[in-house]
Amino acid sequence: MDDMESGIVKKFMFVNRKAPYGTVYALEVLEMVLISAAFDQDVHLAFLDDGVLQIKKGQTPAGIGTKNFSPTYRALEGYDIEKLYVEAESLAERGLTEDDLLVDVEVISRAEMGKLMADMDVVLTA
Amino acid sequence: MSALHTVNKSPFERSCLEACLGHAQPGDAVLLMEDAVIAALSGTAFEGKMADAAKTLRLAVLGPDLAARGLDPTKVVSGISVVDYAGFVDLAAETKATNAWL
């Protein structure tokens with residue numbers, strides 16, 4: 001019997017470290033997160049380093065000919081993905097505050113983020 | 001005649017911007033584009049470095065890349081001008097060579 005059938009729930013963390021439009025990482029992780037919602041696991045999203053820019057308010061990429069996928073982060077709640085963590089130091093280094101973010105998150109320190117990662121069963125970083 | 005340097009990687013992730021600023025000559029133009037636009041904002045860990053660079057270099061940031069990322073063009077470090085694609089072409093036309101720091 002595999003994990004799905006036996007109803008085992010693991011702690012998953014998707015760690016976002018890249019800015020949203022210069023590479024395809026942010027969009028690909030978001031797709032993975034949306035797919036993961038179908039598997040009833042304990043999903044956590046972490047935003048650190050340039051990944052904090054993924055959830056910056058006011059993204060308007062029409063001028064660079066790219067689709068604005070940032071509203072999708074607001075829809076995560078509808079998929080019961082509500083555990084979002086942002087690293088305080090990463091925000092500060094980039095001159096940003098929690099008010100600049102388009103979704104509700106828990107802002108935690110780098111040390112706390114490290115501990116949270118250590119507590120996961122599966123960590124996927126991009 | 002001066003050169004145009006383009007930088008397209010975030011300074012938090014790669015050292016391209018530092019390498020560029022270490023080699024650009026007085027009077028050269030440096031254009032921040034794509035993920036490098038974060039370096040243009042005031043309040044970041046790079047603000048002091050950019051303010052210093054603005055004393056000898058002509059610094060510019062690409063407006064459409066700021067807008068894409070929700071970054072406020074009115075909050076760039078003083079001395080950095082916000083340009084559109086036509087401004088990018090002007091910079092390339094005014095300079096002898098373009099050096100892309102990838």
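Here are three short exercises on how chain A and chain B meet in this predicted model.

**Exercise 1. Confidence**

Task: Find out how many of the residues of chain B score at least 70 in pLDDT.

Solution: Start with the average, which is a pLDDT of 97 for chain B. Next, look at the share: 100% of the residues of chain B score at least 70. Finally, turn to the model as a whole, which scores ipTM 0.88 and pTM 0.91.

**Exercise 2. The buried area**

Task: Work out which three residues supply 34% of the area that chain B buries against chain A.

Solution: Begin with who touches whom: 20 residues of chain A are in contact with 16 residues of chain B. Then take the area, as the two chains bury about 1400 Å² between them. Of this, 56% lies on carbon and sulfur atoms. Now go to single residues: B:F12, B:A68 and B:R69 give 34% of what chain B buries against chain A, more than any other three residues.

**Exercise 3. Charges and polar pairs**

Task: Identify the residue of chain B with which A:K18 forms a salt bridge.

Solution: First, count: there is 1 salt bridge between chain B and chain A. Its partners are A:K18 and B:E13. Check the distance against the cut-off: the closest N and O atoms are 3.7 Å apart, and the limit is within 4 Å. Next, add the polar contacts, with 8 residue pairs found across the interface. Then ask which element of chain B gives the most to the side touching chain A: helix α3 (residues 63-68), with 4 residues. Last, sort that side of chain B by class: 8 residues are nonpolar, 4 polar and 4 charged.

Conventions
Residues are numbered from 1 along each chain as its sequence is written. Chains are lettered from A and ligands numbered from 1 in the order in which they are written. This is a predicted model: local features need pLDDT of at least 70, side-chain atom pairs count only at pLDDT 80 or more; totals for chains, interfaces and linings use all residues. Side-chain values use heavy atoms; hydrogens and water are left out. Contact means heavy atoms within 4.5 Å. Buried area is the accessible area (1.4 Å probe) that two parts lose on being put together, summed over both. A salt bridge is a side-chain nitrogen of Lys or Arg within 4 Å of a carboxyl oxygen of Asp or Glu. A polar contact is a pair of N or O atoms within 3.5 Å; within protein, one must be able to donate a hydrogen and the other to accept it, and residues adjacent in sequence count only if both atoms are side-chain atoms. Helices (H or I, at least four residues) and strands (E, at least two) are DSSP runs, numbered from the N terminus. Ala, Val, Leu, Ile, Met, Phe, Trp, Tyr, Cys and Pro count as nonpolar, Asp, Glu, Lys and Arg as charged, and the others, Gly among them, as polar. pLDDT is the predictor's confidence in each residue, from 0 to 100.
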